[in-house]
Amino acid sequence: MNALLDKNVIHALYRASQAEWKTDLIVRGICALRPGVRGLSDRIKVRSIVGRFLEHSRIYYFGNAGEEEIYIGSADWMPRNLYERVEVLVPLRDEFIASGCVTKFSILYWRIIGRRAFLLRDATYIRACSRSRQTES
């Protein structure tokens, strides 16, 4: 997504982390969530991918305890998008299209790994290439 600013969504993500759900977000722009805070958001990772011509996709993939759900659409998780506009997310019900979408997005994501940055709990970003080679948990 492009931005994550809605406090209700952020609090829901914190509650999910506290309930031991892992969340991996790719947020291109502003992100008000603080990942990696012990006891609050330690199961949440936030990455950003930046580039001059890189457009942000809005693909939402939920593992959902083995019952995968994939949505595409126009909505960022910002108050203006959630409460003041008419924006749409649609489920991808066709398994062929859904798996193709996830596969192509994953390939694109890993090709541009050098332009990834990780959001740290202190609201700073560190580029993926300068990050130590520790195994991500």
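Strands here are DSSP runs of E with at least two residues, numbered from the N terminus, and one of them, strand β2, covers residues 44-49 and contains R47. The model on screen is a predicted one, and the tour begins at that arginine.

**First stop: R47 and its surroundings**

Select R47 in β2 and display its side chain together with that of D24, because the two side chains make a polar contact at 2.3 Å. R47 has a relative accessibility of 4%, and since buried means under 20%, this arginine counts as buried.

Now extend the selection to strand β1, residues 23-26, where T23 and L25 belong to the covered face while D24 and I26 belong to the uncovered one. In a regular strand the side chains alternate between the two faces of the sheet. Showing β1 and β2 together, you will find that they run parallel and are joined by four bridges; to follow the pairing at D24, select K45, which is its bridge partner in β2.

**Second stop: the three-stranded sheet**

Next, select β3, β4 and β5, which form an open sheet in that order, with antiparallel pairing. The strands at the edges are β3 (59-62) and β5 (89-91), and each has a single partner strand, so one side of each is left without a neighbour in the sheet. Looking along the sheet, you can compare the strand directions: neighbouring strands are turned by 25° against each other on average, direction ignored.

To trace the pairing residue by residue, begin with β3 and β4, which run antiparallel and are joined by four bridges, and pick out Y61, which stands opposite I70 in β4. Then move to the other side of β4 (residues 69-73), where three bridges join it to β5, again in an antiparallel arrangement; here I72 has V90 in β5 as its bridge partner.

Before leaving the sheet, select the hairpin of β3 and β4, which has six residues between the strands, and stop at N64, whose phi is positive and near 50°.

**Last stop: the aromatic pair**

How many aromatic pairs does the structure hold? There is one, and selecting F62 and Y71 brings it into view as an edge-to-face pair, with 6.1 Å from centre to centre and 75° between the planes. Colouring these two residues by accessibility completes the picture: F62, at 37% relative accessibility, counts as partly exposed, and Y71, at 21%, also counts as partly exposed.

Definitions and conventions
Residues are numbered from 1 along each chain as its sequence is written. This is a predicted model: local features need pLDDT of at least 70, side-chain atom pairs count only at pLDDT 80 or more; totals for chains, interfaces and linings use all residues. Side-chain values use heavy atoms; hydrogens and water are left out. Two strands pair if DSSP finds at least two bridges between them. Axes are lines fitted to C-alpha atoms, for helices over the stretch in contact, and angles run from 0 to 180 degrees between N-to-C directions. Buried means under 20% relative accessible area, exposed over 50%, partly exposed in between (1.4 Å probe, protein chains only). A polar contact is a pair of N or O atoms within 3.5 Å; within protein, one must be able to donate a hydrogen and the other to accept it, and residues adjacent in sequence count only if both atoms are side-chain atoms. Rings of Phe, Tyr and Trp (its six-membered ring) pair if their centres lie within 6.5 Å; planes under 30 degrees apart count as stacked, over 60 as edge-to-face and the rest as tilted.
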